[in-house]
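Me: Please take a close look at the second largest pocket and describe its lining. Then follow the elements involved into the enclosed spaces, the charged pairs and the buried side chains elsewhere in the chain.

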Amino acid sequence: MAKPMEATVQADYDAALAADLQVNTQLSTWQMLWRTAQRVPDNAAIITGDTHISYRELAAQTLRAAAALAELGVSNGSRVAFVFHPSPDWAVLHYALGRLGAVGVPINTSYMAAELEHLFALAQPELLIIVDRFRDVDMTGRLSPVAARFGSIAQTVVLPVDDDGWVDSSPDRDRVFGPDGGAALGPASRVGGGDPAYIIFTSGSTAAPKPALIAHRGMVGAATGLQHALGLVPEDRFVASNPVFHTGGIVWNLTMPHLVGMTSCLVGVYETGKVLREMERSKITVMGAFDTKLTMMRNAPEYHTVDRSSVRKCNVGATGSFLRSVLPEWNWETVAQVYGSTESGGLGSITPRYEADPKVRYDANGRPMPGMEFVIKDPDTGHRCGPDEPGEICFRGWGTFIEYVGMPETTAEAFDDEGYFHSGDYGFLDEAGNLYFRGRYKLMIKTGGENVSEREVEIFCEDNLEAVKFAIVVGVPDPLWGEAVVAFVELHEGATETSDGLVEACRGRIANFKVPKRFFVVTDEDWPLLDSGRPDRHELRARAAALMGAEGDTRLRFGDG
């Protein structure tokens, strides 16, 4: 039971967060930026290299771009697809679309023809804006032939970029961003928090990507939760490297820092060494990461040479054991775990700043924010589960997406009669209301008639097997068990455990049907990754099936098996 002082601190924190959410979720992203520009006009909103853009300048550039886009026919409800990387030009386009009430459709820079056709068919954009190249890839040659087959796209604007990733001066640049000294719209906008802002395609980690229509309030609300949980202030600086085609890139790169009035240090294309060097160069105080990115940082030469001591605040997505393993290597004063998805606007729950229990702070995925209601339901019966009883994570509230565009049946199936979105995620709520995410229901293995959560076994391996630093568990077709539980693991430096040894280490510590039938040891370089930076389970499942079914010795490629 909380002590009186602790209870007061918690009540004050919750009340302040609820009050800010009540106001902020009424705002569009543009209204949010304009409010900040009036409050701290001379603060640096964006730093890229040696270029500093103040809030006053960013707002002015946005209104000029809004006027130019309006001349192109963009208005409230227009759908504008684009290919961009984290850059000041993208930030201006983002806010200009918000000022006009247009709906942005960011395109994954890795998409090929079939994926682009899927996106264009569902999103039905009217205008396509693309940079001519990205990481030496001819984006014009990749996208234009596909876009030409879709009648919804009335015009395509191709923007030439220079060696630093900035959009070069050209007539086409002026068509999108307006010429220097050109006409500008006024700041007043009828677009509010409940209006649609983006069509974000889900990651597609377990199914074909779905186009989630996200409202402005989801992103601004998520930023408000981050502000309170991390104690963000205008003097903070955030290292911004997330891709722009995920809610994480929009919320973390722009919405969070610009809600507060702090500085977003955009590093462009993600490169681990570049991000680490930026921490030292710009005296970064805030970062966000998950286990894969933290591991990539650990393995980079710059990790041991640059000064990272200025970074005091971090929001993270990782298992408790992994997080504890990296804590001694950073100077973080505040760490917040999160639970979020495309359908929750990027963030649904976050560790409150007052949380003092290390187990809750590191092992839970935060506490649902005011106005975001979470329940756990039995996926078969729909009945609500009690505290600590696992089931499907369901939520409703201001952060919940509006619909899957062009997929009315899928949208209807995703919500129940109480208005809760069924996430397909597996987890539970404890007595105090803390949320514990433990995997995807689609990532359940049916073995010998028993259901096994892949994430549950991964957490067990990382928490209980001393040699294991990181684990991914998959199910492989098996003639005896239906599916066999198989684990890919990365070991701590110097560890030499065998598959048999790891299997034995599990015995008696977890139910036998959950013990992996086989462990494959991989190195950091062996992990196949999605664009999000997370391991590609589809690829690992295929590898495991090939290895388990292959004749002969498979140990040379994947350690000992």
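Reply: **The second largest pocket and its surroundings**

In this predicted model, the second largest pocket holds about 590 Å³ of space. Its lining comprises 27 residues, and those closest to the centre are Asp163, Asp164, Gly165, Val269 and Lys274. By class, 12 of the lining residues are charged, 8 are nonpolar and 7 are polar. Two elements, β6 (133–134) and α10, each provide at least two residues of the pocket lining. The largest share, 4 residues, comes from α10.

Helix α10 leads on to the enclosed spaces. The structure contains 2 cavities of 30 Å³ or more, and the largest has a volume of about 70 Å³. For this largest cavity, α10 (272–281), β13 (286–290) and α11 (291–298) each contribute at least two lining residues. Helix α10 therefore supplies residues both to the second largest pocket and to the largest cavity, as the definition of lining residues allows. The most, 3 residues, comes from β13. The wall of the largest cavity consists of Val239, Ser241, Asn242, Tyr270, Val275, Met279, Met287, Gly288, Ala289, Lys293 and Met297. In terms of class, 7 of these are nonpolar, 3 are polar and 1 is charged. The pocket described above has 12 charged residues in its lining.

The second largest cavity, of about 30 Å³, draws on another set of elements. Thr29, His94, Leu97, Gly98, Ala102, Ala197, Tyr198, His216 and Met219 line this cavity. At least two residues come from each of α4, β9 and α8 (216–230). Helix α4 gives the most, with 3 residues. The lining of the second largest cavity divides into 5 nonpolar and 4 polar residues, with no charged residue.

Helix α4 also takes part in a charged contact. Arg173 and Asp89 form a salt bridge in which the closest N and O atoms are 2.8 Å apart. This contact ties α7 to α4 (residues 88–100), and the two residues, 84 positions apart, belong to distant parts of the chain. Arg173 and Asp89 are both buried. Helix α4 is thus an element that carries Asp89 and that contributes most to the second largest cavity.

The loop that follows α7 holds a partner in another contact. Arg64 and Asp180 form a salt bridge, with 3.9 Å between the closest N and O atoms. Arg64 lies in α3 (residues 55–71), whereas Asp180 lies in the loop between α7 (171–177) and β9 (196–201), so that this pair, 116 residues apart, also links distant parts of the chain. At 3.9 Å, the pair qualifies because the cut-off is 4 Å. How do the two partners stand in terms of burial? Arg64 has a relative accessible area of 19% and is buried, because buried means under 20%. Asp180, at 74% relative accessibility, is exposed.

A third charged contact lies later in the chain. Glu458 and Arg537 meet through their side chains in a salt bridge with an N to O distance of 2.8 Å. The pair joins α15 (residues 454–464), which holds Glu458, to α17 (residues 537–549), which holds Arg537, across 79 residues of the chain. Both Glu458 and Arg537 are buried. Shared partners extend this contact into one network of salt bridges made up of Glu454, Arg455, Glu458, Arg537 and Arg541. Over the whole structure, the search finds 24 salt bridges.

Covalent links between cysteines do not add to these contacts: the count of disulfides is 0. Cys265 is in no disulfide, and the nearest cysteine sulfur, that of Cys314, is 16 Å away. Cys265 is buried, at 0% relative accessibility. For Cys385, the closest cysteine sulfur is that of Cys394, and the distance of 8.8 Å is too far for a bond. Cys385 is buried as well, with a relative accessible area of 17%.

Another cysteine appears on the buried face of α16. In this helix (residues 499–506), Ser499, Leu502, Val503 and Cys506 are buried. These four lie on the same side of α16, because they cover an arc of only 100° around the axis. Asp500 and Glu504 are exposed on the other side of α16.

Conventions. Residues numbered from 1 in each chain as written. Predicted model: local features only at pLDDT ≥ 70, side-chain atom pairs only at ≥ 80, totals over all residues. Heavy atoms only, no water. Buried < 20%, exposed > 50% of the residue type's maximum accessible area, 1.4 Å probe, protein only. 1 Å grid on protein atoms, 1.4 Å probe; cavity = no way out; pocket = protein on both sides within 12 Å on 5 of 7 lines; lining within 4 Å. Points joined across faces, edges and corners; volume = space filled by probe spheres on them. Nonpolar A, V, L, I, M, F, W, Y, C, P; charged D, E, K, R; others polar. Disulfide = S-S within 2.5 Å. Arc of directions from axis to C-beta.
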